[in-house]
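Colleague: I'm new to this one and would rather get to know one spot properly than skim everything. Could you pick a single part, look at it closely, and then work outwards from there?

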Amino acid sequence: MKDKCKAILTKPFFRDYRTLLGLWLILGIVSALAKMHAHNNFLIFRGVFWHVWNRTPLYVAYPDEYWDVNHYGPFFSLVFAPFAVVPEWIGLILWCVSLSLFLYVAIRRSDLTKHQQIFILWFCAHELLTALFMQQFNVAIAAIIVLAFFLIEKERDAEAAFFIVVGTLVKLYGIVGLAFFFFSKHKLRFIVALIVWGAVLFVLPMLISSPEYIIGQYHEWIVCLTEKNGENLDSIAQNISLLGMIHRTTGMTFSDLWLIIPGLAMFAIPYLRLSQYQHQAFRQALLASVLMFVVLFSTGSESSGYIIALVGVVIWYTAVPWQRNGWDIALMIFVFVLSSLSPSDLFPAYLRKEWVQPYALKALPVTLVWLKLCWEMATRDYGLTPKGNS
């Protein structure tokens, strides 16, 4: 049975980029059509542009337009402008398709091997659909982090800085791109580019509003994010992270710093292995760690954000120069079943409602992968271990 499945999956059709491009385009269109009458996040995003245009507050409720409150930065008004000025239904389709294409192009333009790219595009397709159903910018965040890493690899630091600043000014998550700073061969150029792009993109929304308005809204954004962090702790739809999982499963109340500080230490230890920097597999492993860390250690993590983490999971599995063993394969299956399938109707509803959602168990498989990745990066040789060794 295993050999038959392998034979099917190695057929040219399944390894053809055109097949996957078509699939990802279809997922974008289908998700938009399925949510044509229920697309609250899209309405929030659309409102960001028009509220900036009309110079009305960005971080207050507009119950006549949508439920919930915007949590994106003022710069997002320009990012979303092309999708806000067209009829709503057209904008929704274009937005979902653009998100799908953005991540697809980021993966295709990377230095990942064809095997890695094909694996990501198939493995993450279902998780992409989950994110697209929510019209979430998390798809773009995954693309931004991947692009930032590989642009630095290609010594295109100014372009990498641009994407890092865009991601930061939209949703803050983009700031994790700074984790790749030590891999840059042009650190001064990178720093200067960050400063220049930061200044330019900070003031750019002022062209459709005013300096006073934009500066005031950035201040309100900080206040809004601080308040949202507190709200996330009590929301079953938020804090689907390592932090939330531990709080919910133990029933204990304590500062997240007790988890974040050890997590940061584990994340940072591989940076001490300077001799490993020369190995592409080690650098890609750090990319995988960043993609998972940003989801696992954020109280704002939600189910649709796992498109970011799952890209990291595949890179973890495929980047190493040694042969993956049975336990690693089991982890990948565990990730797909519990982290990817659990929000869908393909997963038993009873388990989802009684166990996965209340205890944020979607984070569990990715947590196990990230912990194993941290151990590998701290102990394994990414340059000398030959293929075939486990």
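Modeller: Let's start with Ser241, which sits in the loop between α11 (211-232) and α12 (242-250). Helices here are DSSP runs of H or I with at least four residues, strands are runs of E with at least two, and both are numbered from the N terminus. Before going on, note that this is a predicted model: local features need pLDDT of at least 70, side-chain atom pairs count only at pLDDT 80 or more, and totals for chains, interfaces and linings use all residues. Residues are numbered from 1 along each chain as its sequence is written, and side-chain values use heavy atoms, with hydrogens and water left out.

Ser241 counts as buried because its relative accessibility is 0%; buried means under 20% relative accessible area, exposed means over 50%, and partly exposed is in between (1.4 Å probe, protein chains only). What does Ser241 touch, leaving aside its neighbours within four places in sequence? The list is Val295, Leu296, Ser298, Ser301, Tyr306, Ala360 and Ala363, where contact means heavy atoms within 4.5 Å.

The side chain of Ser241 also makes a polar contact of 2.8 Å with the side chain of Asn239. A polar contact is a pair of N or O atoms within 3.5 Å; within protein, one must be able to donate a hydrogen and the other to accept it, and residues adjacent in sequence count only if both atoms are side-chain atoms. Asn239 belongs to the loop between α11 and α12 too, and with a relative accessible area of 3% it is buried. Its backbone is worth a glance: phi of Asn239 is near 55 degrees, a positive value in a residue other than glycine. Most residues other than glycine have a negative phi. Leu172, not a glycine either, has a positive phi of about 70 degrees. Leu172 is in the loop between α9 and α10 and, at 40% relative accessibility, counts as partly exposed.

That loop between α9 (157-171) and α10 (187-203) also holds Phe183, which is buried at 9% relative accessibility. Phe183 forms an edge-to-face aromatic pair with Tyr277, 5.2 Å centre to centre with 90 degrees between the planes. For the rule: rings of Phe, Tyr and Trp (its six-membered ring) pair if their centres lie within 6.5 Å, and planes under 30 degrees apart count as stacked, over 60 as edge-to-face and the rest as tilted. The two partners are 94 residues apart, so to speak distant parts of the chain linked by one pair.

Tyr277 lies in the loop between α13 (257-268) and α14 (280-296). Its relative accessible area is 16%, so Tyr277 is buried. Not counting residues up to four places away in sequence, Tyr277 touches Phe182, Phe183, Pro270, Tyr271, Phe282 and Arg283. A polar atom of the Tyr277 side chain lies 2.6 Å from the backbone oxygen of Tyr271.

Next, a pair of helices. Helix α6 (residues 114-123) and helix α15 (residues 306-319) pack at about 145 degrees with their axes 10 Å apart; axes are lines fitted to C-alpha atoms, for helices over the stretch in contact, and angles run from 0 to 180 degrees between N-to-C directions. The residues making the contact are His115, Gln116, Phe119, Ile120 and Phe123 of α6, with Leu310, Val311, Val314, Ile315, Tyr317, Thr318 and Ala319 of α15. The buried residues of α6 are Gln116, Gln117, Ile118, Ile120, Leu121 and Phe123, and what covers them includes α2 (17-34), α5 (88-108), α7 (125-133), α14, α15 and α16 (326-340).

One last serine: Ser344 is in the loop between α16 and α17 (349-356) and is buried at 15% relative accessible area. Its side chain reaches the backbone oxygen of Leu341 at 2.8 Å. Ser344 and His126 are 218 residues apart in sequence, yet 9.3 Å apart in space, C-alpha to C-alpha. Setting aside neighbours within four places, Ser344 is in contact with His126 and Arg352.
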